[in-house]
Amino acid sequence: MMNNAISTDALFGMTADRAKHYLDDIRHRHIAPTTEALTALEQFNHPLPEGSTNPNETISRLDEIGSPATIASTQGRYYGFVVGGALPVTVAASWLSAVWDQNAYGQATSPVNARLESVVQEWVLDLLDLPREAVVGFVSGATMANFSALMAARHHLLKRAGWDVEADGLFGAPPITVVVGEEVHASMLKALSLAGFGRNRVKQVPVDNQGRMIAEQMPPLDEMTLICIQAGNVNSGAFDPAQAIGAKVRDAGAWLHVDGAFGLWARVSPELSEYTIGLELADSWGVDAHKWLNVPYDSGLVICRYPAALSEAMIARGSYLVEVEGREPYAYVPELSRKARVIEIWAALHSLGRSGVRDLIERSCELAGYFAEGLGKMGFEVLNDVVINQIVVTFGEKTPEIIQALHEDGTMWAGPTTWHGRHAMRISISNWQTTLEDVDISLKAIERIASISYQGVDS
Ligand SMILES: *Cc1c(COP(=O)(O)O)cnc(C)c1O
């Protein structure tokens with residue numbers, strides 16, 4: 001016993017030191033790993049050890065080979081995808097939560113998780129100003145949130161049509177018409193395919209130059225229609241017109257789902273209400289915590305206006321699965337056993353408070369505006385209206401090589417995209433650490449690299 005306790009002390013102490021060193025180092029490091037660091041990953045390629053290894057040695061090895069080969073996405077000049085960082089309080093909460101090792105399945109396996117889920121459910125509905133009677137399920141990300149919402153929609157629409165989809169499946173069921181925008185996120189199509197709706201069975205509504213669905217061009221809706229809109233286009237950050245679409249959906253008795261992976265957080269800011277108004281009219285919402293809220297992976301929320309629709313779709317009944325009074329965590333997610341990911345969300349919301357979340361969102365948007373302005377002054381064309389935290393900028397035909405050179409330079413990181421047929425780079429400001437200084441440093445790096453690249457080809 002004694003020996004175990006001592007070795008745990010040393011192991012955790014050493015790991016904490018290594019973690020601290022990683023964080024201290026990361027702002028000065030190349031954002032993408034060096035070739036050397038990538039080559040060193042080969043050292044992981046060995047057969048399963050036949051015997052045991054000292055845990056200290058296991059962790060040292062993980063840190064020495066693994067840490068240099070990470071993408072330094074937790075620091076402020078990583079603008080790739082919509083990754084976000086992790087607030088220190090959420091990392092600390094995650095450490096404590098790992099020690100607790102709670103199975104978030106139900107009240108019986110973790111009272112603390114069950115209570116925090118109930119509390120955070122209320123906080124989130126309040127913060128995002130969504131129907132207070134809605135329920136929130138804690139899933140691994142927006143893809144699973146969207147998928148879970150589709151399960152609830154499927155249940156609700158088919159039950160109303162007299163069909164028990166959980167019992168009898170989709171074969172022979174009354175058909176559901178699925179409507180999405182032409183700019184639908186790839187993960188929404190994946191969720192539709194997982195849910196049995198089929199990726200190609202969808203009706204696609206044309207979009208405008210920002211990627212927003214054109215409400216006037218929606219097909220006729222009825223009570224067997226499921227329509228998926230988005231709050232926050234993954235490139236431009238644009239919002240589908242929720243107010244106009246929501247009114248039509250309500251009249252028709254259709255189901256409206258919002259993929260709000262990052263954009264739904266814009267609802268915390270009154271300054272952004274012109275984009276987010278009407279999103280409250282939906283029946284379900286998917287949103288990430290691991291992107292803009294800056295909690296560690298993997299963490300997303302499915303929100304459903306009708307608790308019974310989600311729980312009827314998700315519930316598993318077994319003789320040893322005792323049902324008790326009150327909100328049961330397992331009733332609103334696809335998994336049974338899972339990690340208590342609400343703990344990190346609770347820590348973020350408790351620590352930031354309403355004003356802190358609002359500040360995080362508004363600061364990102366302001367920095368995106370400043371970044372776009374800087375790019376414009378340097379003569380580069382920003383292709384989108386920068387409405388929240390997303391910028392799409394083009395360097396013309398040279399865009400791919402400039403992005404490549406930026407990655408090699410390592411000062412900042414942003415990824416490529418195609419926007420209305422044009423090569424572009426997408427910049428997402430979604431990390432709590434990004435400062436004005438980071439944006440200035442990044443603008444300088446872009447200017448330096450773009451000027452070399454333009455000269456290189458001209459001469
Ligand atoms: C990131 C994203 C998703 C997928 O979310 P994951 O958390 O990666 O599963 C879905 N929709 C939009 C608009 C996104 O930006």
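## Salt bridges, a buried helix face and a charged patch

Asp438 counts as buried, at 1% relative accessibility. The model described here is predicted. The side chain of this buried aspartate, Asp438, meets that of Arg27 in a salt bridge, with 2.9 Å from N to O. The pair links distant parts of the chain, since Asp438 belongs to helix α14 (residues 436–458) and Arg27 to the loop between α1 and α2 (35–40), 411 residues apart. Arg27 counts as partly exposed, at 30% relative accessibility.

Across the whole structure, a search finds 25 salt bridges. Three of them are set out below, including the pair already described.

| Salt bridge | N to O distance | Separation in sequence |
|---|---|---|
| Asp438 and Arg27 | 2.9 Å | 411 residues |
| Arg338 and Glu117 | 2.9 Å | 221 residues |
| Glu64 and Arg18 | 3.1 Å | 46 residues |

The side chains of Arg338 and Glu117 meet in a salt bridge. Arg338 lies in the loop between α11 (307–314) and α12 (342–377), while Glu117 lies in helix α5 (residues 111–127), so the pair ties together parts of the chain that are 221 residues apart in sequence. Arg338 counts as buried at 8% relative accessibility, and Glu117 is buried with a relative accessible area of 0%. Salt bridges with shared partners also join Asp126, Asp129, Arg132 and Arg354 into one network.

In the salt bridge between Glu64 and Arg18, the closest N and O atoms are 3.1 Å apart. This pair links helix α3 (residues 55–66), which holds Glu64, to helix α1 (residues 2–26), which holds Arg18. Glu64 is exposed, with a relative accessible area of 52%.

Helix α8 (residues 186–194) has as its buried residues Ser187, Met188, Leu189, Ala191 and Leu192. The cover over these buried residues of α8 includes α6, β2 (177–181), β4 (225–230) and β5 (255–259). Just after α8, Gly196 takes a positive phi of about 85 degrees.

A further feature concerns surface charge. Asp164, Glu166, Asp168 and Glu312 form a negative surface patch. One of these residues, Asp164, lies in the loop between α6 (142–160) and α7 (165–168). Why can Asp164 be called partly exposed? Its relative accessible area is 40%, and the term applies because this value falls between the limits of 20% for buried and 50% for exposed.

Definitions and conventions: Residues are numbered from 1 along each chain as its sequence is written. This is a predicted model: local features need pLDDT of at least 70, side-chain atom pairs count only at pLDDT 80 or more; totals for chains, interfaces and linings use all residues. Side-chain values use heavy atoms; hydrogens and water are left out. Patches are made of residues with over 30% relative accessible area and no salt bridge: like charges are joined within 9 Å, nonpolar side chains (Val, Leu, Ile, Met, Phe, Trp, Tyr) within 5 Å. Accessible areas come from the Shrake-Rupley method with a 1.4 Å probe; for residues, only the protein chains shown count as cover. A salt bridge is a side-chain nitrogen of Lys or Arg within 4 Å of a carboxyl oxygen of Asp or Glu. Lys and Arg count as positive and Asp and Glu as negative; His and the chain ends are not counted. The place of a charge is taken as NZ of Lys, CZ of Arg, CG of Asp or CD of Glu. Helices (H or I, at least four residues) and strands (E, at least two) are DSSP runs, numbered from the N terminus. Buried means under 20% relative accessible area, exposed over 50%, partly exposed in between (1.4 Å probe, protein chains only). Contact means heavy atoms within 4.5 Å.
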